[in-house]
Amino acid sequence: MEALRAPGKTYSYSRSHRLIEIAAIAGLFVLLGLVAWRVMRGVTTWGQSLGVLAIVTAGYFLTDFISGFFHWAGDSLGSETMPILGAHFVKPFRFHHVDQKDITRHDFVETNGNNCIISILPLLHVAIFMPRTPGVFFYYGALVFSVALFTFGTNQFHKWAHCDLEQLHPIVRGLQRTGLILSPEHHKTHHTAPFETYYCITHGMLNPLLARAKFFRHAEKIVALFAPDFLYLDERHKFHAARSASLTSTASPR
């Protein structure tokens, strides 16, 4: 997998955050292994095994939705000058549209560290309290395991979707072609004007469904009703123009 790394960039953030990311990645791997072991020890029948498989599959799709929701929020809500979230959440999403290849110059830690920080606390409470035998909390633990696992993979899949083909291992390209992880061809839609669809970046299978349902457009309308100044400027202009056109149409004589 050495060929997956693009040379020429070192991390440009604080050393203390870098250490937190490394600790979070190591801790997440330990917790994933522990919860996986408990799940395998806990299931004793084919029915329970199929139940866990169904839960893990549900987590695979839930993670895709979560990735899309946070991607939409980063693109569409708030400002880069917001305290804490502005610099660490909003700005990376906005900058990604300016330099799509920047993510390919991140090393493994910078690519995946923040997602591990987010996932480690939910997985920690599962590792501590997960029962030994199947029940509601047992299957909930399997769901949290699945979401944590695929959340860990999401930024890596996103990075691979922006890499040049010669940088990718054949196994990665194979997974992209099958649609099991985000492919460059699928993700290209998000980076095509007007840049307001196909936000999901784990595997993207939910993107066509959410686009047809206009899920994120409805979400923006809700935000516009209650906190219009929280919408990103471009989105705000769009809603103001639509509102003006609607008022003009209503006022016009029939």
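Me: In which crossing, left-handed or right-handed, does H1 pass H5?
Reply: This is a predicted model, and the two helices concerned are H1, residues 15–42, and H5, residues 136–162. The way in which H1 passes H5 is a crossing that is left-handed.

Me: At what angle do H1 and H5 pack, and how far apart are their axes?
Reply: Two packed helices are described by the angle between their axes and by the distance between the axes. For H1 and H5 the angle is about 145°, and the axes are apart by 10 Å.

Me: How many nonpolar residues does the contact of H1 with H5 have?
Reply: On the side of H1, the contact is made by Leu28, Phe29, Leu32, Val35, Ala36, Arg38, Val39 and Gly42. On the side of H5, Phe138, Gly141, Phe145, Ala148, Leu149 and Phe152 take part. By class, one residue of this contact is charged and two are polar, while the number of nonpolar residues is 11.

Me: Which helix gives the most to the largest nonpolar core?
Reply: The largest nonpolar core has 19 residues, and Leu28, Leu32, Val35, Val39, Cys116, Leu123 and Met130 have the most contacts inside it. At least two residues of this core come from each of H1, H4 (108–129) and H5. With seven residues, the helix that gives the most is H1.

Me: Which residues does Leu32 touch, not counting those up to four places away in sequence?
Reply: Leu32 is among the residues with the most contacts inside the largest core, and it also belongs to the contact of H1 with H5. Leaving out residues up to four places away in sequence, Leu32 touches Leu123, Phe145, Ala148 and Leu149.

Me: How many residues are in the second, separate core?
Reply: Apart from the largest core there is a second one, which includes Ala73, Tyr199, Ala224 and Leu231. The number of residues in this second core is 12.

Me: Is the peptide bond from Ala193 to Pro194 cis or trans?
Reply: Pro194 lies in the loop between helix H7 (184–187) and helix H8 (207–212). The bond from Ala193 to Pro194 has omega near 10°, and the peptide bond is therefore cis.Me: Is Phe195 buried, partly exposed or exposed?
Reply: Phe195 lies in the loop between H7 and H8, and has a positive phi of about 60° although it is not a glycine. Its relative accessible area is 41%. Since buried means under 20% and exposed means over 50%, Phe195 is partly exposed.

Me: What is the value of phi of Lys214?
Reply: Lys214 is placed in the loop between H8 and helix H9 (215–226). Lys214 is a residue other than glycine, and its phi is positive, with a value near 55°.

Conventions
Residues are numbered from 1 along each chain as its sequence is written. This is a predicted model: local features need pLDDT of at least 70, side-chain atom pairs count only at pLDDT 80 or more; totals for chains, interfaces and linings use all residues. Side-chain values use heavy atoms; hydrogens and water are left out. A nonpolar core is a set of buried Ala, Val, Leu, Ile, Met, Phe, Trp, Tyr and Cys residues joined through side-chain atoms within 4.5 Å. Buried means under 20% relative accessible area, exposed over 50%, partly exposed in between (1.4 Å probe, protein chains only). Helices (H or I, at least four residues) and strands (E, at least two) are DSSP runs, numbered from the N terminus. Contact means heavy atoms within 4.5 Å. Axes are lines fitted to C-alpha atoms, for helices over the stretch in contact, and angles run from 0 to 180 degrees between N-to-C directions. A crossing is left-handed if the near helix is turned anticlockwise from the far one by less than a right angle, and right-handed if clockwise. Ala, Val, Leu, Ile, Met, Phe, Trp, Tyr, Cys and Pro count as nonpolar, Asp, Glu, Lys and Arg as charged, and the others, Gly among them, as polar.
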